[in-house]
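Colleague: I am new to this structure. Could you take me through some of its parts?

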Amino acid sequence: MTGAKSRETATYHALRADDEAEAMTFYDDAVTIDKASAPGATPLYRTWESKFIFYGGERICYMRIPLKRGAKAKAVFEQTYKKPEEFCAINLAPMYFTRHLSAIIKVPADLSDKIYVKPHGFPPNMSLSEERLPNGSVEYRIEGKDLEELKPEDGAPKVSATGPILFIGGHFDSVESLYRHLHQYIPEESAPSAEIAELAADLRSRAGNNPLAITDTTIAWVQRNIRYLAIEHGEYGVRPAPAADVLTHKAGDCKGSANLTKALLKQNGIDSRLAWIGTKGSVGTTWEELPAVCSGNHMIAAAIIGDSIIYLDGTASFSPAGYVHPAIRGQQALIENGDTPIIATVPSTSHSADTDTLFASYKIDGQDLTGSIERRAYGVTRMWLLSTLARMEPKDKPNFLEKYLRYPKKNLSVASSNIYAPDHMPAATISAAVTERGSARRMGDQIFIDLKPIRSMLADVIPTKDRTRDYAIDATSTTAYIYNLELPEGYVPKTLPAPFSIDSKWVRAEIVYSFDNGILTCHATLEPKAEYIPLCDIEARNADFRAVFRASDSQIAIIPEKL
């Protein structure tokens with residue numbers, strides 16, 4: 001098979017007023033634009049950059065098409081895929097409300113028993129049919145009617161994982177043949193450069209002779225010292241940069257950082273290999289379900305120590321030793337192993353590794369609560385916190401930390417704060433002297449305490465106004481809270497709020513108050529349980545979270561003990 005041809009035609013119709021439509025398609029070194037035309041529009045060719053990466057190199061051809069009310073305009077794109085094995089997924093999500101969608105995949109007779117298609121995430125009003133023609137060729141036809149536009153919405157899942165998408169398989173008859181195709185891009189191993197040998201020796205001297213310690217020290221160095229620079233177009237999207245080049249430039253994409261990790265570990269006698277993987281939320285198929293290039297989008301390293309496989313993601317900055325990033329948990333990895341790969345599943349680490357704890361000690365000072373807060377972020381919360389701070393200007397960091405400590409309360413002010421996050425510690429710790437203004441309101445002899453123990457920026461009610469799509473959370477995190485409030489001498493709680501607990505499909509939470517020896521204590525926990533919430537379930541999920549927040553909002557009255 002020497003190539004694949006694609007012709008896309010879209011007819012736009014302005015019903016109520018003059019308008020402008022946008023038509024676009026992507027291309028790279030292996031995909032050419034043979035034709036791009038629309039009335040009144042000039043094709044524009046640009047580099048397409050994502051806000052999440054420094055450089056991807058993907059390119060886009062787009063046209064702005066003027067539309068007159070009541071008139072129609074047709075846009076045409078014709079493309080050639082010079083590497084047909086990369087023509088393995090067709091995104092069918094409409095940019096505009098689509099009255100009628102029709103797509104035909106034509107497979108010539110000599111490939112009709114090899115190439116197949118696989119629908120993924122088709123809505124009820126989209127169908128796939130197959131027709132075998134007299135000459136032996138096969139036509140697959142997709143029909144769709146009255147398809148709503150796929151609006152960009154906060155938290156919406158990616159089309160590449162959920163559809164509607166048409167996968168094209170058969171370029172590789174097995175996972176093994178796909179692996180051999182991918183493996184051909186791996187640079188041949190050569191003697192390590194002097195710089196790699198020197199760095200490997202230094203890492204070994206820090207870690208000692210324990211293979212696991214060497215592995216942890218090595219991946220930590222890569223994560224903290226190799227700047228992420230994505231190279232995603234053409235052959236650069238599958239060929240790792242040489243390890244020596246990555247070290248020299250102190251930059252590389254996932255493939256480059258994985259290749260450097262592999263080289264450093266090998267220099268220290270550890271069996272290390274490259275592994276191809278699809279990240280959760282971005283790839284909707286496994287290698288075995290669909291042996292195709294589109295079943296993976298990421299590369300990591302794997303260290304084989306005894307009977308264990310240690311998965312090492314060089315792009316997971318600020319992660320603690322031994323931590324497995326949520327994006328690769330439970331995902332199927334294709335690991336280097338001579339001519340036949342190892343197919344393994346990354347363990348689904350318990351969410352207890354992703355925790356956030358808050359310890360607060362307060363006193364009542366007039367109408368305010370004053371004291372200190374210590375907040376410790378572990379796992380994905382640590383990574384999120386430190387990576388967010390790393391992108392900020394120094395002048396913006398105090399405001400961010402104050403918002404992080406108080407959310408959702410707006411009356412908390414920070415007198416001083418400090419963050420402590422050394423590489424060898426699993427937690428990033430923020431300590432701060434704080435005041436919660438107006439949280440101890442006085443009415444006669446009574447004082448009403450507004451503690452609001454549940455505070456999390458990573459779990460909240462999902463906005464539903466005008467929402468049309470499901471909701472996906474990259475990772476969940478458990479938050480535990482302990483508050484100790486020293487009451488004025490002679491004061492006791494009038495009543496304590498009843499213990500609250502919920503353990504549903506969406507959330508586990510509890511709030512418990514106690515009083516002893518002049519100290520009012522609150523223990524609270526919040527654990528969001530679902531990472532994917534279908535549109536039809538968002539209201540039920542929100543109802544459970546609102547119940548948690550209502551319980552958290554309970555005020556506590558304290559009175560003189562003589563009353």
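What follows is a short exchange about sheets, helices and cores in a predicted model.

Colleague: In what order do the strands of the open sheet of 3 strands lie?
Modeller: The edge strands are β2 (19-27) and β4 (44-47), each of which pairs on one side only. The pairing in this sheet is antiparallel, and the order is β2-β5-β4.

Colleague: Which residue in β5 is the bridge partner of T25?
Modeller: β2 pairs with strand β5 (residues 59-67) in the antiparallel sense, over 9 bridges. Within β5, T25 has as its bridge partner C61.

Colleague: Is α7 roughly parallel or roughly antiparallel to α8?
Modeller: Helix α7 (residues 379-390) packs against helix α8 (residues 397-406) at an angle of about 150°, and their axes are 10 Å apart. Angles over 145 degrees count as roughly antiparallel. Therefore α7, relative to α8, is roughly antiparallel.

Colleague: How many nonpolar residues does the contact of α7 with α8 have?
Modeller: On the α7 side the contact involves T381, W384, L385, T388 and L389, and on the α8 side K397, F400, L401 and Y404. By class, 1 residue is charged, 2 are polar, and the number of nonpolar residues is 6.

Colleague: Which helix gives the largest share of the largest nonpolar core?
Modeller: The largest nonpolar core has 47 residues, and Y362, I364, I449, L526 and V548 have the most contacts inside it. The largest share of this core is 5 residues, and they come from helix α9 (residues 538-552).

Colleague: How many residues are in the other core, the one with A36 and A73?
Modeller: That core lies apart from the largest one. Its members include I90 and L101 as well, and its residues number 36.

Colleague: Why is strand β31 described as largely enclosed by the rest of the structure?
Modeller: Buried means under 20% relative accessible area. Strand β31 covers residues 519-528, and it is largely enclosed because, of its 10 residues, the number buried is 8.

Colleague: Which residue in β31 is the bridge partner of E486?
Modeller: Strand β27 (residues 478-486) pairs with β31 in the antiparallel sense over 8 bridges. In β31, the bridge partner of E486 is I519.

Colleague: Which residue takes a positive phi in the hairpin of β30 and β31?
Modeller: Strand β30 (residues 507-516) runs antiparallel to β31, and 10 bridges join them. One of the facing pairs has V512 opposite H523 in β31. The hairpin has 2 residues between the strands, and the residue with a positive phi near 55° is N517.

How values were computed: Residues are numbered from 1 along each chain as its sequence is written. This is a predicted model: local features need pLDDT of at least 70, side-chain atom pairs count only at pLDDT 80 or more; totals for chains, interfaces and linings use all residues. Side-chain values use heavy atoms; hydrogens and water are left out. Axes are lines fitted to C-alpha atoms, for helices over the stretch in contact, and angles run from 0 to 180 degrees between N-to-C directions. Helices (H or I, at least four residues) and strands (E, at least two) are DSSP runs, numbered from the N terminus. Angles under 35 degrees count as roughly parallel, over 145 as roughly antiparallel, 65 to 115 as roughly perpendicular and the rest as oblique. Contact means heavy atoms within 4.5 Å. Ala, Val, Leu, Ile, Met, Phe, Trp, Tyr, Cys and Pro count as nonpolar, Asp, Glu, Lys and Arg as charged, and the others, Gly among them, as polar. A nonpolar core is a set of buried Ala, Val, Leu, Ile, Met, Phe, Trp, Tyr and Cys residues joined through side-chain atoms within 4.5 Å. Buried means under 20% relative accessible area, exposed over 50%, partly exposed in between (1.4 Å probe, protein chains only). Two strands pair if DSSP finds at least two bridges between them.
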